[in-house]
Structures are given as structure tokens and as C-alpha cells.
Amino acid sequence: MPMPTEERVSQLVAELVARRGFDLEGVAITSAGKDELAPVRLKVTVDSDGPADLDAIAELSREMSALLDEAADSGDAAYLLEVTTPGVDRPLTAERHWRRAQGRKVKVTLREGAEPVEGKARFEARAGVLADDGTIALVLGGKNKPHRVHVPLADIATGVVQVEFNPPGAAELELAGGIAAGRPVPGEEPADLAAAGQHSDSPTEGVAE
């Protein structure tokens, strides 16, 4: 019997992920090799408001592996489990994503029919504070002419965090309200994080029986 679907894995691990203080951001199942007997790679992406705690992610990975091994509908498929946090360039699809992206540069595309921002429907800005009324502060102008606008989150079709290799200007960052708590300063992430775009625990092998 093959591994369960991504939807079923999400159902199996959601309670554990929440109990450990994380949000479940996605599940992806892919082949770990060309051989038909090769194990599948099961990637579970989680996130939280605070900084990534690699020890906590490692413990979550161990608990998740045990949970999947015990699942009655998982069959006898071998798998490689990887528990990871989102890359820095992940899309922003929920309010919590925008809160955690505060202080980061984002590429914004407005929905069709939304009022353009300074004449543009697509632009780059630095994400600021998400207000209770559903508007997001966006800092335009970069380091040279930073200024803040407010855009209804409902008017944004897509937002994607951009990888940065230099820290933002002080005035620009001040207008954004600073960096989200526990998040690294843009342009100062560890080299491996900036390159790979994610933290991860070493893949855990398992056989679901």
C-alpha cells in the first residue's frame, strides 16, 4: 500500500504540529529516486512567530515520524521525512505571513480592479505593520526616498518576500516598524539560510506499517 495523500498526511500531523506551537504551512510528497522501489520524500513545512528553534524542529520530526509509522492507513511504504521552515522567498498567502514578513522587502501584485499604488499595480516595497482594519503598511522608495503608504490586504493578489543581500536603510526600516520579533535582519541571515532559504532537520527514514 502506498503512502497516504498529502491531504491525509496533513490531517494526520496537524494536531501534533499545533500542539508543539507551530503552524502547518504545507505537505509535499515526491519520489526520492528514479527506482520504483525508492522511498518517497515527505516534506512537511511548519512555521511559528518566533525564531526557528532547530531543537524543537528536530523533536517535532521524531514525533511526526513515530506518528506516521503508527498510522493504520500508511501501508508499508518507506519514506524520508523532512520537517522544514519556509524559504525566505515564500509567497504570503495569510495574515500571519504578512505579520512575520514585517521589515522584509516584498514584491506585490494588486488584484484586478484594485486602485493602483502611485500608478502601479506591481511594485516592490518593504512590508510594515498589519493594522487591525486589514490594511498593510508598505514602505516605498527604498533607502533614498522612503515613504509609507497603506494598502488593504484584500487588494493584494500576491506578495512574495525577496531575498536580500544588504540590510535596509535605517529610515526605511523605521517606517516599516522594525523587523518582526524573532526574525533575522534582511541581508544578515546566515549564509546557508540565504542560499537555501530554509531551516531543516536531517531527513528521517521510516517505514509506515
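**A walk through two domains and the pocket between them**

Let's start at a bend: in the hairpin of S5 and S6, four residues sit between the strands, and Gly134 takes a positive phi near 90°. Keep in mind as you look around that this is a predicted model.

Now follow the two arms of that hairpin. Strand S5 covers residues 122-130 and strand S6 covers residues 135-140, and they pair in the antiparallel sense over three bridges. If you want a spot to check by eye, find Arg126, which stands opposite Val139 in S6. S5 also has strand S4 (residues 105-110) as a partner, with antiparallel pairing over five bridges. Here you can look for Thr109, which stands opposite Arg122 in S5.

What holds paired strands together? Strands of a sheet pair through backbone hydrogen bonds, either parallel or antiparallel.

Zoom out a little and these strands turn out to belong to an open sheet of five, in the order S7-S6-S5-S4-S8, with antiparallel pairing. Its edge strands are S7 (147-152) and S8 (156-161), each of which pairs on one side only. From one strand to the next, the twist averages 45°.

Next, head back towards the start of the chain. Strand S1 (residues 23-31) pairs with S2 in the antiparallel sense, over eight bridges. One pair to look for is Val27 with its bridge partner in S2, Val44. What about S2 and S3, parallel or antiparallel? These two pair in the parallel sense, over six bridges. Leu42, for instance, stands opposite Leu81 in S3.

There's a side-chain link here too. Side chains of opposite charge can pair when their charged atoms come close. Glu82 does this with Arg41: they form a salt bridge, and the closest N and O atoms are 4.0 Å apart. Because Glu82 lies in strand S3 (residues 78-84) and Arg41 in strand S2 (residues 40-47), the pair ties together parts that are 41 residues apart in sequence. The count for the model comes to 16 salt bridges.

Last stop: some empty space. Rolling a probe the size of a water molecule over the atoms shows where empty space is left. The second largest pocket has a volume of about 170 Å³. Twelve residues line this pocket, and the closest to its centre are Glu25, Thr45, Pro86, Gly87 and Arg90. Sorted by class, the lining has two nonpolar, seven polar and three charged residues.

So where does the second largest pocket lie in relation to domain 1 and domain 2? Domain 1 (6-84) and domain 2 (91-181) both give residues to its lining, so the pocket lies between them.

Technical notes:
Residues numbered from 1 in each chain as written. Predicted model: local features only at pLDDT ≥ 70, side-chain atom pairs only at ≥ 80, totals over all residues. Heavy atoms only, no water. 1 Å grid on protein atoms, 1.4 Å probe; cavity = no way out; pocket = protein on both sides within 12 Å on 5 of 7 lines; lining within 4 Å. Points joined across faces, edges and corners; volume = space filled by probe spheres on them. Nonpolar A, V, L, I, M, F, W, Y, C, P; charged D, E, K, R; others polar. Domains from an automatic or database assignment. Pairing = 2+ DSSP bridges. Axes fitted to C-alpha atoms, helices over the stretch in contact; angles between N-to-C directions. Salt bridge = Lys/Arg side-chain N within 4 Å of Asp/Glu carboxyl O.
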